[in-house]
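Open the model in your viewer and keep the selection tool at hand. The tour makes three stops.

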Amino acid sequence: MDLHVHTVLSPCAELEMGAKEIVQRCAEEEIDIIAIADHNATANSKAVIDAAKDKPLTVLPALEVQSREDVHTLCIFSTFEEALLFQEWVWERLAPIRNDPDLFGFQIAIDSENNILNEVETLLLQGVDVSADDVISEAKRRGGMAILAHVDRPAYSYLAILGLIPSNLEIDAVEFSSRLTPRDAVSWKEYVSNYTIIRSSDSHRLSDIKKAHTTPVILERPGFDEILLALHKSGGRKVLWPWS
């Protein structure tokens, strides 16, 4: 599984990140589960979910929420409707800053055939007016998963900005970025020993989507509830070490 894939809705993603192209790339790389996690938005999750119908790919709707402190958290939901309601909560806390496509990139909402539905005018690449801990609490309150994104990075990560992760933080996992070597990944484990570790691609271009950047999991079937069980080592489901 790869729980961190962007589309053309994220201003920093390449325009090649269309719904059909993402599904095709996952098929080529033999990836079974992905989450579409655009910056502070989930609209294009539906496009990829629809594009993957009748394909051997499970697509979960998500948002990569940037907090007031500039911490990134993956907020993943079981249905698009749940994710869309959470997006409304996030957008109520976004400052009315207009996106500059020449500076940040385009923010394009599409359908499953890559037809353009609209262009989001408010800049998505900004922090919402709420703390990282409150983002996590709200996602969990709504039945979602909360995963700290790329905690090994020097920017936009909980560890870099807020220091050590509290042992009682209500997260389901922490994400290491795909750039880590096996030795580096082992070194980082000591900082997050209380939590399950996943690896994701954080794909902004099609070439980022690789089986080598995913996390192997043992599930009864692909799906939100099964992944949640695996993240918490329950019912015989489990997450395997991604650098094995």
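**Stop one: a pair of helices**

Helix 1 and helix 2 lie oblique to each other, because their crossing angle falls outside the ranges for roughly parallel, antiparallel or perpendicular. Keep in mind that this is a predicted model. Select residues 19-28 for helix 1 and residues 43-51 for helix 2. Their axes come within 8 Å and cross at roughly 55 degrees. Turn the view and check the hand: the crossing is right-handed.

Which residues make the contact? On helix 1, pick Ala19, Lys20, Ile22 and Val23. On helix 2, pick Ala47, Val48 and Ala51. Now colour this contact by class: six residues are nonpolar, one is charged and none is polar.

**Stop two: the largest pocket**

Move on to open space. Two packed helices are described by an angle and a distance between their axes; a pocket calls for other numbers. The largest pocket has a volume of about 220 Å³. Select Met1, Asp32, Thr215, Pro216 and Val217, the closest to its centre among the 13 residues that line it. What classes make up the lining of the largest pocket? Seven of its residues are nonpolar, four are charged and two are polar.

**Stop three: the second largest pocket**

The second largest pocket has a volume of about 180 Å³. Start its lining with Lys189, Val192, Ser193, Tyr195, Thr196 and Ile197. Then add Lys233, Lys238, Val239, Leu240, Trp241 and Pro242, which also line this pocket. Colour by class once more. The lining of the second largest pocket divides into seven nonpolar, three charged and two polar residues.

Definitions and conventions. Residues numbered from 1 in each chain as written. Predicted model: local features only at pLDDT ≥ 70, side-chain atom pairs only at ≥ 80, totals over all residues. Heavy atoms only, no water. Axes fitted to C-alpha atoms, helices over the stretch in contact; angles between N-to-C directions. Helix = DSSP H or I, 4+ residues; strand = E, 2+ residues; numbered from the N terminus. Parallel < 35°, antiparallel > 145°, perpendicular 65-115°, else oblique. Left-handed = near helix turned anticlockwise from the far one by under 90°. Contact = heavy atoms within 4.5 Å. Nonpolar A, V, L, I, M, F, W, Y, C, P; charged D, E, K, R; others polar. 1 Å grid on protein atoms, 1.4 Å probe; cavity = no way out; pocket = protein on both sides within 12 Å on 5 of 7 lines; lining within 4 Å. Points joined across faces, edges and corners; volume = space filled by probe spheres on them.
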